[in-house]
Amino acid sequence: MAAALQVLRHLARAPLGPLLWGGPLARLASSMALAEQARQLFESTVGAVLPGPMLQRVLSLDPDSGELKVRDRSFQLRQNVYLVGFGKAVLGMAAAAEELLGQHLVQGVISVPKGIRAAMEHAGKQEMLLKPHSRIQVFEGAEDNLPDRDALRAALAIRQLADGLTADDLLLVLISGGGSALLPAPIPPVTLEEKQTLTKLLAARGATIQELNTIRKALSQLKGGGLAQAAYPAQVVSLILSDVVGDPVEVIASGPTVASIHSVQDCLHILNRYGLRAALPRSVKTVLARADSDPHGPHTCGHVLNVILGSNALALAEAQKQAEALGYRAVVLSTAIQGDVKSVAQFYGLLARVAGARLALPGARTSVEEDDRLCELAADLQLPDLQLKEALEAVVGAQGPVCLLAGGEPTVQLQGSGKGGRNQELALRVGAELGQWPLGTVDVLFLSGGTDGQDGPTEAAGAWVRPELSSQAAAEGLDVATFLAHNDSHPFFCRFQGGAHLLHTGLTGTNVMDAHFLFLQPQ
Ligand SMILES: Nc1ncnc2c1ncn2[C@@H]1O[C@H](COP(=O)(O)OP(=O)(O)OP(=O)(O)O)[C@@H](O)[C@H]1O
Ligand SMILES: O=C(O)[C@H](O)CO
């Protein structure tokens, strides 16, 4: 038995090859190899968007002249640089920035997720950590991605630093996903607890990140351009790692260095849409009413340079390269996957069916109804960059294993009080969909993972599934539909096959939304 396991482990690490196809042991080994490759591909995807290298691609400093280049703009440094930052990837970004700026950096304050330093130390990721005598003060907070007292303290320290700057100073702002929860500074009389409750309710009812952050901006001193305003007249350079589809700088971390263009009416529409307008606390009503009659109007941000450092597209481009190196025909389907997780799961389920049929028998077609239904599902999701036709054409011409890659952030409308995250819920739903179709002679694996390494309030990054999921779960006494009805994907995957389908990376120190991989391999 031990020897057989050794063989399987070896096969799991070995590149895919025709040797692995055919026969029951070979099928098991092939299945393990596929899962192992999916994990490795996910790691490479994350590796492509680690903060340090991304920052170094955009920033350079001439040590003799003190000229800082940010893409094609130059800034003269004379020990006049201050730094603030907030987000899941900001610790590594700050470490890289401090190294580059040297003596020019006077002082910094960053707000990063609770436990991130210990996690990076534990993982031996020294490049993500600040040096012992760093000039940057670190606050850890926002446990489970919710604004808390620690994050509030960090936000106040950041505001104080920004308030004290002069026209001779340069403020470097490091921004990444998760920044909204790490920079809470509610406008009085709104309290932190009230803001937290409203954010939680909006998220649970399926509000998009654009909607959520429109409300956050209206209730915050620092979001929606407030930080840039506080730093004026200093020059401000914001370096932004995008975790939002389309990289909109006004949405990422609620745009603290981008003037908000939203009106109170926009906020009221959103609150109406999610049935929250009637129950608003008095403080929120007061702040919204005041904003309507604000004589200063919106903040202006002419003194700011906002630069996107990296995004999901960069990560998937690397995944595509790696998958091709492993012998797959790889296609990036979309980097803008959004919409309800149920619709997204139906789309992937049917895509596997349609693509699998074409891969098994290149001349054959699935039924016209199935093709039409797939197009309908795709149209409902409104994915601006979807390469569906190209992907299906690539499948027909592949004559071997195929990997379809996508990225984005589906939305979960919470119905139950269960524990889970977008990625585990999506994987579970796709697993259930795959079980409905006869996939014949094609091996299928679907993986969904959050590039930050934390899927919702769980320790897993995501999960992977195969078409046998529902039947194998039933054999263990686990009913997929029941877990789904309670949004309980995490306990499901913890129990199913002893947790073997969970994707565990620990906090990665970066954050460019989620990655979805669909592997199709002829047997
Ligand atoms: N039980 C659950 N099942 C499925 N999804 C859940 C569950 N609980 C929370 N979620 C979803 O998890 C998401 C929050 O997770 P997470 O903290 O990973 O967010 P995030 O979007 O990655 O954060 P950020 O964008 O700020 O980096 C929300 O979209 C929420 O709907
Ligand atoms: O922090 C936030 O607002 C989200 O992660 C989107 O950037």
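## A walk through a two-domain model with two ligands

Let's start in a loop: Pro189 sits between helix H7 (179-182) and helix H8 (192-204). What makes this spot worth a look is the backbone, since a cis peptide bond joins Pro188 and Pro189, with omega at about 10°. Keep in mind that you're looking at a predicted model. There's another cis bond to check, between Tyr232 and Pro233, where omega is also about 10°. Pro233 belongs to the loop between helix H10 (226-231) and strand S8 (235-241). While you're scanning backbone angles, stop at Gln79 too: this residue isn't a glycine, yet its phi is positive, about 45°. You'll find Gln79 in the loop that runs between strand S3 (73-76) and strand S4 (81-86).

Now zoom out. The domain assignment splits the protein chain into domain 1 (2-48 + 313-522) and domain 2 (51-310). So far, then, we've been wandering around in domain 2 (51-310). Taken over C-alpha atoms, the centres of domain 1 and domain 2 are 33 Å apart.

How do the two domains meet? On one side 22 residues of domain 1 make contact, and on the other 25 residues of domain 2 do. Together, domain 1 and domain 2 bury about 1,700 Å² between them, with carbon and sulfur atoms giving 57% of that area. On the domain 1 side, Leu507, Gly509 and Asn511 stand out: they supply 30% of the area that domain 1 buries against domain 2, more than any other three residues.

As for polar links across this interface, three residue pairs of domain 1 and domain 2 are in polar contact, counting pairs with both residues at pLDDT 80 or more. In terms of secondary structure, strand S10 (residues 329-337) contributes the most to the side of domain 1 that touches domain 2, namely three residues. That side of domain 1 is made up of ten nonpolar, ten polar and two charged residues. There's also one salt bridge across the interface of domain 1 and domain 2. Look at Asp452 and Lys88: these residues form a salt bridge, and their closest N and O atoms are 2.7 Å apart.

Lys88 also takes us to the first of the ligands, as a polar side-chain atom of Lys88 lies 3.0 Å from an oxygen atom of ligand 1. Which residues come nearest to ligand 1? Of the 19 around it, they are Asn145, Arg422, Gly456, Asn487 and Asn511. Asn511 is a name you've met already, as one of the three residues that supply 30% of the area domain 1 buries against domain 2. Asn145 puts a polar side-chain atom 2.7 Å from an oxygen atom of ligand 1. Gly178 joins in through its backbone, with a polar atom 3.3 Å from an oxygen atom of ligand 1.

Follow Gly178 onward and you reach ligand 2, where a backbone N or O atom of Gly178 lies 2.8 Å from an oxygen atom. The surroundings of ligand 2 also include Gly177, Gly179, Ile209, Asn213 and Arg216. Two side chains there are worth a click: Ser180 has a polar atom 2.5 Å from an oxygen atom of ligand 2, and Asp243 has a side-chain N or O atom 2.5 Å from an oxygen atom of ligand 2.

Finally, a search of the whole structure turns up 19 salt bridges. One of them pairs Lys114 with Asp150, at 2.4 Å from N to O. Lys114 lies in the loop between strand S5 (105-113) and helix H5 (116-122), while Asp150 is in helix H6 (residues 149-163), so this pair links distant parts of the chain, 36 residues apart.

Technical notes
Residues numbered from 1 in each chain as written. Chains lettered and ligands numbered in written order. Predicted model: local features only at pLDDT ≥ 70, side-chain atom pairs only at ≥ 80, totals over all residues. Heavy atoms only, no water. Domains from an automatic or database assignment. Contact = heavy atoms within 4.5 Å. Buried area = accessible area lost by both parts, 1.4 Å probe. Salt bridge = Lys/Arg side-chain N within 4 Å of Asp/Glu carboxyl O. Polar contact = N/O pair within 3.5 Å; in protein donor to acceptor, adjacent residues only side chain to side chain. Helix = DSSP H or I, 4+ residues; strand = E, 2+ residues; numbered from the N terminus. Nonpolar A, V, L, I, M, F, W, Y, C, P; charged D, E, K, R; others polar. Near = heavy atom within 4 Å.
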